[in-house]
Amino acid sequence: MLSSVLEQQNTDIDFFEVAPENWLPYGGSYQKKFRQLTERYPFICHGLSLSLGSPDPLDLGFIRQIKAFLKEHQIKLYSEHLSYCSAGGHLYDLLPIPFTEDAAIYVADRIRIVQDILEQPLVIENVSYYAAPGQELTELEFTNAVLELADCKLLLDVNNIYVNSVNHGYDALAFLKGLPTQRIAYGHVAGHYREHDQLLIDTHGADVADPVWALLAEAYRHHGLFPTLLERDFNIPDLQQLQAELEHIRSLHSGSAIKRRA
């Protein structure tokens, strides 16, 4: 896929997003090709292993590596998941942080440390989850508390809102409208897998479902337009098919802009 993107002379791609963990270890030809892309397109970094909710100490050396990587490639936005993935070792999965006031304060303090080291805001993604241990707050209350306490930005993942609304039985539109407009840095839209009518799995391995497109349109109408990334992690089709979904994002942008002006 890396080579095929480099070979394309004309694409409708406005920006890319990468996990820095996937690129930090590499040099040589991979790093050279990556540099060619970062010189040609704007990039965002979306992290996988800060583990903001973990009981383990923050990996300060790793955060400094991220800072150098962002500076080297002139990447202005760095986002992470509102979750954790380590406890005495990395678990390679995104686990739910308990929705409690104490957890919100704990995570917010860690976000502030990261932001101080990076010398730029951290963008936090609302995540999909399949259990809610020790829940005292709603997901929305917890998310908004973290954003306010940490004074950070939001990565609004529309697919995650829809998946969670089905799995946990809440109103997706009410959740969407309850998020703070002024904190939205950018958005995600993706596909999911329907395991059961009441169980959706956030896979990023399928086309975006119609209800998710509809929720994205509502997001633009309520919060205004924001840059939106199409996530596809596997079962990746050719660029022509991906660009058709990108064009649908643009059409929703255009339609929402017209309605807001009217």
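Visitor: Let's start with Gly47: which two elements have the loop with Gly47 between them?
Guide: Before we look, keep in mind that this is a predicted model. Gly47 is found in a loop, and the elements on either side of that loop are S2 and helix H3 (60-72).

Visitor: Is Gly47 buried or exposed?
Guide: The cut-off for buried is under 20% relative accessible area. Gly47 comes out at 0% relative accessibility, so the verdict for Gly47 is buried.

Visitor: Which residues does Gly47 touch, not counting those up to four places away in sequence?
Guide: Being in a loop doesn't leave Gly47 without company from other parts of the chain. Take Ile124: 77 residues separate Gly47 and Ile124 along the chain, yet their C-alpha atoms are 9.9 Å apart. As for touching, with residues up to four places away left out, the list for Gly47 is Pro20, Glu21, Tyr78, Ser79, Glu80 and His81.

Visitor: Ser51 is not a glycine, so to speak, but what is its phi?
Guide: Ser51 shares the setting we just looked at, the loop between S2 and H3. Ser51 is buried, with a relative accessible area of 5%. The phi of Ser51 is positive although the residue is not a glycine, with a value of about 55°.

Visitor: And Asn235, is it buried or exposed?
Guide: Asn235 lies in the loop between S11 and H9, and it too is a residue other than glycine with a positive phi, of about 50°. For exposed, the relative accessible area has to be over 50%. Asn235 has 51%, so it counts as exposed.

Visitor: Which residue takes a positive phi in the hairpin of S4 and S5?
Guide: Strand S4 (residues 84-86) and S5 run antiparallel and are joined by two bridges. In that pairing, Tyr84 stands opposite Leu95. Three residues lie between the strands of this hairpin, and the one with a positive phi, near 75°, is Gly88.

Visitor: Now the open sheet: in what order do its seven strands come?
Guide: The pairing in this sheet is parallel. Strand S1 (16-18) and strand S11 (228-231) each have a single partner strand, so one side of each has no neighbour in the sheet. From one strand to the next the twist averages 30°. With the edge strands at the two ends, the order reads S1-S2-S3-S6-S7-S8-S11.

Visitor: How many bridges join S7 to S8?
Guide: Strand S7 covers residues 153-157 and strand S8 covers residues 184-190, and the two run parallel. One pair of bridge partners is Leu154 and Ile184. On its other pairing, S7 meets S6 over three bridges, with Leu155 as the partner of Glu125. Between S7 and S8, the number of bridges is four.

Visitor: Which helix packs on the sheet by touching S7 and S8?
Guide: S7 is largely enclosed by the rest of the structure, because four of its five residues are buried. The helix in question covers residues 158-168 and also touches strand S6 (123-125). Its direction makes about 60° with that of S7, and its name is H6.

Visitor: With which side chain does the side chain of His188 make a polar contact?
Guide: His188 is found in strand S8, and at 0% relative accessibility it counts as buried. Beyond its neighbours within four places in sequence, its contacts include Glu17, His46, Glu125 and Glu231. The polar contact, at 3.4 Å, is with the side chain of Asp157.

Visitor: Which element gives the most residues to the lining of the largest pocket?
Guide: The largest pocket has a volume of about 1,600 Å³. Among its 50 lining residues, Glu17, Leu229, Glu231, Arg232 and Asp233 lie nearest its centre. Elements giving two or more residues include helix H1 (2-7), strand S2 (43-46), S11 and helix H9 (239-261). With six residues, the top contributor is H9.

Visitor: Last one: what is the volume of the largest cavity?
Guide: The count of cavities of 30 Å³ or more comes to two. The lining of the largest cavity includes Leu82, Pro96, Phe99, Tyr129 and Phe142. Its volume is about 70 Å³.

Key
Residues are numbered from 1 along each chain as its sequence is written. This is a predicted model: local features need pLDDT of at least 70, side-chain atom pairs count only at pLDDT 80 or more; totals for chains, interfaces and linings use all residues. Side-chain values use heavy atoms; hydrogens and water are left out. Two strands pair if DSSP finds at least two bridges between them. Axes are lines fitted to C-alpha atoms, for helices over the stretch in contact, and angles run from 0 to 180 degrees between N-to-C directions. Contact means heavy atoms within 4.5 Å. Buried means under 20% relative accessible area, exposed over 50%, partly exposed in between (1.4 Å probe, protein chains only). A polar contact is a pair of N or O atoms within 3.5 Å; within protein, one must be able to donate a hydrogen and the other to accept it, and residues adjacent in sequence count only if both atoms are side-chain atoms. On a 1 Å grid over the protein atoms alone, a cavity is a set of points where a 1.4 Å probe fits but cannot get out, and a pocket is an open set with protein on both sides within 12 Å along at least five of seven lines; lining residues have an atom within 4 Å of a point. Grid points are joined across faces, edges and corners, and a volume is the space filled by probe spheres set on the points.
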